[in-house]
Amino acid sequence: MPTLNKEVDIVRGDTLYDDGTHKFIWLGWEEHEEEGLVQVNQYLIENRGVGVILDPGGVHVFPRVVANVSRYVDLERIEHLFFSHQDPDVSSGVALWLSVTNAKVYISKWWVRFLPHYGIFDMNKIVPIEEGGGRISLPTGDYLEIIPAHFLHSVANFHVYDPRSKTLFTGDLGAAIFPKGQRYTYVEDFDSHLKLMEGFHRRYLASNSVVRKYLERVSKLDINIIAPQHGAIIYKKEHIQKFFNWLSGLRCGVDIADEFYR
């Protein structure tokens, strides 16, 4: 069970895991909630001085995220930028990140050809992720596992599992939509939190069949933390199991398509 700081500075973020040579860090939120703006989470993995950023985010959040990253790792030591999919809240800031780091960019091979629309024309730093996923090697000899999560919600989508911290970064899976003024960092009451997740998951995920295929893969992992790109962090084992149980029975996407064509 991770030891988390309950007195969280939401702008500066919080360290979810730290064993001395390996950290998993949540990089905070905008100080003020803005009407109509999608709330996003970014995460930094620091491994013996080398940084990996998960879903670095768009242009709007770049100043805050780069400032918070710099508190933990020198920008020249950011070696990997991972993008779960192509959405602008995930990846529209990629050109800015490549202007301040020498990092490699990991993104599905299906989205590489879209990068010029975000201002990226030099493909030398791009690492296309194959359908089955892959690994990112770390200085300690550890690795991050890139896990297929296709159609959840993007047609070419990936998550990241960090075996050292036992953290699963789930991109849009696990997203919650907070009412204005009611956001929180960690899930304490799962049943209440589920109400904030349900609408998004029913509408955005493709179908229950792909959800179940994904769950077959991740059910084999030892997970202490689920870190989504939107909403709150799930850190209790019983809540993680409840989340997966709920997903396994969720009717979503094409399962409920009749509702969209009335």
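This section describes the sheet architecture, the salt bridges and selected local backbone features of a predicted model.

Seven strands of the model assemble into an open sheet of mixed pairing, in the order E1-E2-E3-E4-E5-E6-E7. The edges of this sheet are formed by E1 and by strand E7 (126-129), each of which pairs on one side only. On average, and with direction ignored, neighbouring strands of the sheet are turned by 20° against each other. Within the sheet, E2 and E3 run in the antiparallel sense and are paired over five bridges. Across this pairing, Phe24 is placed opposite Ile45 in E3. In general, the strands of a sheet are held in register through backbone hydrogen bonds, in either a parallel or an antiparallel arrangement.

Eleven salt bridges are present in the structure. Side chains of opposite charge can pair when their charged atoms come close. One of the salt bridges is formed between Asp19 and Arg164, with a separation of 2.7 Å between the closest N and O atoms. This pair links distant parts of the chain, 145 residues apart: Asp19 belongs to the loop between strand E1 (14-18) and strand E2 (22-26), and Arg164 to the loop between strand E10 (158-162) and strand E11 (167-171). Both partners retain some accessibility, since Asp19 has a relative accessible area of 33% and is partly exposed, and Arg164, at 25%, is also partly exposed. Asp19 and Arg164 are further linked with Asp142 in a network of salt bridges.

A second salt bridge joins the side chains of Arg217 and Glu145, with an N to O distance of 3.3 Å. Here, too, distant parts of the chain are linked, as Arg217 is located in helix H5 (residues 208-218) and Glu145 in strand E9 (residues 143-148), 72 residues apart. The two partners fall into separate accessibility classes: Arg217 counts as partly exposed at 34% relative accessibility, whereas Glu145, at 16%, counts as buried. The assignment of Glu145 as buried follows because its value lies under the 20% cut-off.

In another salt bridge, the side chains of Glu259 and Arg202 meet at 3.1 Å, N to O. Glu259 is situated in the segment after helix H6 (237-248) and Arg202 in helix H4 (residues 190-204), so this pair ties together parts of the chain that are 57 residues apart in sequence. Glu259 is partly exposed, its relative accessible area being 35%, and Arg202 is likewise partly exposed, at 24%.

Attention was next given to Asn41, which is located in the loop between E2 and strand E3 (43-47). With a relative accessible area of 0%, Asn41 is buried. The side chain of Asn41 makes a polar contact of 3.2 Å with that of Trp26, and also reaches the backbone oxygen of Gly231 at 3.1 Å. When neighbours within four places in sequence are left aside, the residues in contact with Asn41 are Trp26, Trp29, Asp55, Pro228, Gln229, His230 and Gly231.

One of these contacts, Asp55, has a backbone feature of its own. Asp55 is not a glycine, yet its phi is positive, at about 45°. The residue is found in the loop between strand E4 (50-54) and helix H1 (62-70), and Asp55 is buried, with a relative accessible area of 0%. For context, most residues other than glycine have a negative phi, and most peptide bonds are trans.

The loop between E9 and E10 contains further backbone features. Phe151, which lies in this loop, has a positive phi near 70° although Phe151 is a residue other than glycine. Phe151 is partly exposed, with a relative accessible area of 37%. His153 is found in the loop between E9 and E10 as well, and the peptide bond that joins Leu152 and His153 is cis, with omega at about 5°.

Note on methods
Residues numbered from 1 in each chain as written. Predicted model: local features only at pLDDT ≥ 70, side-chain atom pairs only at ≥ 80, totals over all residues. Heavy atoms only, no water. Salt bridge = Lys/Arg side-chain N within 4 Å of Asp/Glu carboxyl O. Helix = DSSP H or I, 4+ residues; strand = E, 2+ residues; numbered from the N terminus. Buried < 20%, exposed > 50% of the residue type's maximum accessible area, 1.4 Å probe, protein only. Polar contact = N/O pair within 3.5 Å; in protein donor to acceptor, adjacent residues only side chain to side chain. Contact = heavy atoms within 4.5 Å. Pairing = 2+ DSSP bridges. Axes fitted to C-alpha atoms, helices over the stretch in contact; angles between N-to-C directions.
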